[in-house]
Amino acid sequence: MTVRVFPDGKYLMQFRSQGDKKDIYDNDFKLPLEGDWTSEITKKENSNNETIHIISTEAFLLGKTIFHPSSEGPSPVRHPINVKKINKIFSTSYGLKKVFEGRRINRKYPLLAQAIADGLADSTNNLVETEIIMYCLRMGMNDLEKTNQLESLLKERILNHFKGVFYKAEEEENLFRVLGNNNNSNEGSFILPIELIRTQFSPFELLLPPNFIEKCIKAIGPYINEANITIKLHDDTFKFAGILPGLITESNADSIANDTLWWSFNAEDFINDDYIIEAASIVYHPKRIQIAIIAGSLLTLSALFFISRKRKSQ
């Protein structure tokens with residue numbers, strides 16, 4: 001990613017993503033490709049005769065850019081950027097702030113966090129899958145709570161029922177079968193076991209609003225996508241370059257090369273907390289300063305001349 005800020009406050013933002021086909025098109029980090037964005041998709045061969053896929057996209061922007069509004073649900077990686085220009089009498093200052101919003105993995109699925117931290121090849125084992133199901137089920141039911149008038153007590157009963165099913169299956173070493181013989185994992189992605197959800201909802205069916213089970217399965221979907229994106233992100237690396245007008249006054253960049261600020265990070269840096277990129281610069285206006293000095297000097301001379309004449313007249 002590169003951001004070049006121009007003196008008028010507008011900025012050119014460029015994204016360039018490259019890797020094998022699977023990595024580029026798995027949608028773990030969606031690039032803006034529509035609207036004002038100009039995009040190009042190319043390929044090249046590396047030294048091992050492997051095909052590298054490249055997506056480049058750029059646009060001129062102004063002020064704050066959100067990229068993924070809340071209407072898109074919980075799954076996208078949110079990375080808003082804000083560039084400010086502040087005009088003063090003798091200078092113009094610029095500020096850049098970009099935030100990669102934390103995925104909060106420790107709070108949402110601590111077992112998955114531990115599996116990723118341990119570098120396990122299969123981060124979606126059966127225990128992790130049950131953890132993901134429970135989190136997504138709770139969040140989906142929370143989303144439906146207002147519109148479907150589901151009582152809090154009934155919701156907790158249902159969640160405890162699911163917990164009990166998974167706990168018993170684990171104790172009996174039967175979790176593998178309960179989760180569908182692990183057929184829910186597809187190339188590192190987790191797929192919601194829909195029949196399991198329907199079956200475990202059935203004891204409560206008469207207590208639930210009409211079509212609640214199907215609505216709940218649909219509501220769970222975005223949270224499953226969120227978990228899958230978090231899983232796929234774990235081996236992604238990022239570089240960010242920022243170029244601002246004038247003199248850099250502050251930044252948290254990893255390095256500076258000529259007039260370019262550089263940040264290097266990976267998904268682990270925002271797997272929990274926000275990763276924040278910040279920089280500020282200033283452009284002084286010499287002519288305005290000169291005019292101010294000249295004007296100040298003239299005022300001082302005029303004042304001295306007035307005082308001198310006043311003394312002589314006395």
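1. Phenylalanine 67 sits in the loop between β5 (64–65) and β6 (81–87). Start there, because the backbone does something worth a look. Note that this is a predicted model. Most residues other than glycine have a negative phi. Phenylalanine 67 is not a glycine, yet its phi is positive, at about 75°. Is this loop residue buried or exposed? Phenylalanine 67 counts as buried, because its relative accessibility is 17% and the cut-off for buried is under 20%.

2. Asparagine 211 makes a good partner for that first point. Its phi is also positive, near 60°, and asparagine 211 is a residue other than glycine. Asparagine 211 too belongs to a loop, the one between α7 (194–201) and α8. The surroundings are another matter. Asparagine 211 has a relative accessible area of 58%, so it is exposed. Check both residues on the model: phenylalanine 67 is buried, whereas asparagine 211 is exposed.

3. Now step back to the whole protein. How many helices and strands are there? The protein has nine helices and 14 strands. Its chain holds 314 residues, and 41% of them are buried. Next, take the contacts between residues at least 6 apart in sequence. Of these, 65% join residues at least 24 apart.

4. Helix α4 covers residues 126–145. Count its 20 residues at 1.5 Å each, and the helix should span 28 Å. The C-alpha atoms at its ends are 28 Å apart, so the expected span and the model agree. Where does this helix sit relative to the rest of the structure? Of its 20 residues, 14 are buried, so α4 is largely enclosed by the rest of the structure.

5. Helix α5 runs over residues 152–171, and asparagine 160 is part of it. Asparagine 160 is partly exposed, because its relative accessible area is 45%, which falls between the 20% and 50% cut-offs. Look from there to methionine 134. The two residues are 26 apart along the chain, and their C-alpha atoms are separated by 9.6 Å.

6. Helix α8 spans residues 212–233 and includes asparagine 228. Asparagine 228 has 10% relative accessibility, so it counts as buried. Which residues does asparagine 228 touch, leaving aside its neighbours within four places in sequence? The contacts are with Ser189 and Phe190.

7. Follow that contact to serine 189. Strand β9 (residues 189–190) is where serine 189 lies. At a relative accessible area of 14%, serine 189 is buried. One more pair is worth finding on the model. Serine 189 and isoleucine 231 are 42 residues apart in sequence, while their C-alpha atoms are 7.6 Å apart in space.

8. Does the chain carry cross-links, and how many disulfides are there? The search of the whole structure finds zero disulfides. Two cysteines can still be placed. Cysteine 136 has a relative accessible area of 0%, so it is buried. Cysteine 216 is buried as well, because its relative accessible area is 0%.

9. The largest pocket has a volume of about 690 Å³. It is lined by 24 residues, and those closest to its centre are Arg16, Ser17, Gln18, Phe29 and Leu31. Three elements give two or more residues to the lining: β2 (10–19), α1 (21–24) and β10 (237–243). Which of them gives the most? Strand β2 does, with four residues. By class, the lining of this pocket has 11 nonpolar, nine charged and four polar residues.

10. Finish with the enclosed space. The whole structure has one cavity of 30 Å³ or more. Its volume is about 30 Å³. What lines this cavity? The residues are Asn27, Asp28, Phe29, Lys30, His68, Pro76, Val77 and Ile229. They divide into four nonpolar, two polar and two charged residues. Phe29 deserves a second look on the model. This residue lines the cavity, and Phe29 is also among the residues closest to the centre of the largest pocket.

Notes
Residues numbered from 1 in each chain as written. Predicted model: local features only at pLDDT ≥ 70, side-chain atom pairs only at ≥ 80, totals over all residues. Heavy atoms only, no water. Disulfide = S-S within 2.5 Å. Buried < 20%, exposed > 50% of the residue type's maximum accessible area, 1.4 Å probe, protein only. 1 Å grid on protein atoms, 1.4 Å probe; cavity = no way out; pocket = protein on both sides within 12 Å on 5 of 7 lines; lining within 4 Å. Points joined across faces, edges and corners; volume = space filled by probe spheres on them. Nonpolar A, V, L, I, M, F, W, Y, C, P; charged D, E, K, R; others polar. Contact = heavy atoms within 4.5 Å. Expected span 1.5 Å × (residues − 1).
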